[in-house]
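Let's take a walk through this fold, starting with a helix and the strands beneath the cursor. Have the viewer open as you read.

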Amino acid sequence: MRILYAYEYDASNPHTQSTRPFSILTEVKKKHDVVTYLSVPNLSRKLMAPRKLFYQAISRDHHLEREWLTLREYAWRVGRVLEATKPDIVFCPSQLIPTYLESSIPVIYCNDAPFGAMVDFYSFFDNISDLYREQGFRQEFESHRRASRIVYPSAWARQAAIEMHGADPEKCVEQSFGANLPYCPTWEFVQQTRASRDTQTVNLVLISSDWERKDGKFAVQVVERLASLGVNANLRVIGKGPSAEHERITSLGYVDKWTNDGADIFRKTLSTSHFIIMPSTAEAYGMSLWEGAAHGLPMIGRSVGGISSIVKHNETGMLFQPEAIPDTVAEWIQEALQPDTYMRLSEAAYADYATRGNWKVFVDKVFDL
């Protein structure tokens with residue numbers, strides 16, 4: 001199958017948008033003939049810069065990626081490549097390019113959540129202008145109308161698209177995203193590393209792009225509660241951590257797992273941990289949970305956004321309610337540390353990653369037209 005892979009940013013760079021566009025592109029290339037049009041230029045945004053400055057002056061956020069002229073330019077540029085390359089499918093790892101793209105061949109795009117679900121959910125969308133809100137809803141409607149298939153990774157995101165944007169339920173499919181890793185842990189590797197984990201200390205790992213939104217304080221309270229229960233527990237943080245040191249926190253800072261040294265640190269950290277935790281107060285999906293599962297770590301996550309479609313409560317980990325207190329999570333962990341229970345959770349987490357939470361499965365299912 002010949003696929004035109006079009007994206008407004010450089011999907012060949014693993015550091016672009018949490019690695020998702022890169023991971024999909026890498027996997028698609030293994031099975032299909034791919035033509036790429038990446039970092040699609042857009043001069044129209046510069047023309048709209050005064051509008052952004054105006055809203056800044058009145059203390060409102062106005063982003064330019066959904067301006068009518070911006071979206072029309074994307075459609076025009078990609079349309080020209082479409083005519084020249086004549087692919088079987090157009091695929092976009094976001095919803096912007098398909099907005100006004102006229103195509104006689106199928107157009108597929110994926111996104112972690114539709115615009116309406118993100119408004120007043122992420123802080124990035126808290127203070128937006130009324131105009132930007134209007135543009136966002138109109139853009140989603142147009143992209144839904146023109147696409148042949150829209151892929152969301154969670155039931156939460158799919159339902160929001162249908163209810164908030166009038167998306168066609170027949171077009172919207174739910175398919176899990178995957179772990180973004182430069183290596184593929186085997187079951188044999190997981191068994192070996194699990195057998196060598198420290199039995200005197202319990203290590204939780206949090207992969208954090210935003211300490212506040214990920215609710216790192218909650219994770220700290222969990223390990224403190226574990227300590228009060230007689231469990232020697234620590235929290236390892238990859239990415240943005242707390243501003244102050246804490247005796248039970250090991251802050252590794254940013255780890256570039258796409259370098260050899262970074263991959264070694266990332267692999268060793270997860271392989272020697274016991275649980276991966278994501279107590280986010282807002283989370284469109286939560287791909288790093290799959291990265292923990294790939295290393296045989298039971299997943300612990302707050303039931304918000306897309307996390308609810310990743311963690312299977314008491315099967316692959318713990319899915320706790322938004323109002324839950326740290327004590328509840330700590331007590332669950334203490335029970336989960338029983339050897340038979342932990343083995344069951346660990347095996348189920350890895351099995352779910354292997355059958356659902358990886359990009360090979362995503363590509364196989366999404367392009368099975």
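Helix H10 (residues 260–271) lies across E7, E8 and E9, at about 155 degrees to E8. Here helices (H or I, at least four residues) and strands (E, at least two) are DSSP runs, numbered from the N terminus, and contact means heavy atoms within 4.5 Å. Axes are lines fitted to C-alpha atoms, for helices over the stretch in contact, with angles from 0 to 180 degrees between N-to-C directions. This is a predicted model: local features need pLDDT of at least 70, side-chain atom pairs count only at pLDDT 80 or more, and totals for chains, interfaces and linings use all residues. Residues are numbered from 1 along each chain as its sequence is written, and side-chain values use heavy atoms, leaving out hydrogens and water.

Helix H9 (residues 216–228) lies across E7, E8 (233–239), E9, E10, E11 (299–302) and E12, running at about 160 degrees to E8.

Now the sheet itself: six strands, ordered E9-E8-E7-E10-E11-E12, make an open sheet with parallel pairing. Two strands pair if DSSP finds at least two bridges between them. E9 (249–253) and E12 (317–320) stand at the edges with a single partner strand each, so one side of each has no neighbour in the sheet. From one strand to the next, the twist averages 20 degrees. Two bridges join E7 (residues 202–208) to the parallel E10 (residues 275–278), and Leu 204 stands opposite Phe 275 in E10.

Finally, the axes of H12 (residues 326–336) and H13 (residues 339–355) come within 7 Å and cross at roughly 100 degrees. That makes H12 roughly perpendicular to H13 (angles under 35 degrees count as roughly parallel, over 145 as roughly antiparallel, 65 to 115 as roughly perpendicular and the rest as oblique). Trp 332, Glu 335 and Ala 336 in H12 meet Thr 341, Tyr 342 and Leu 345 in H13.
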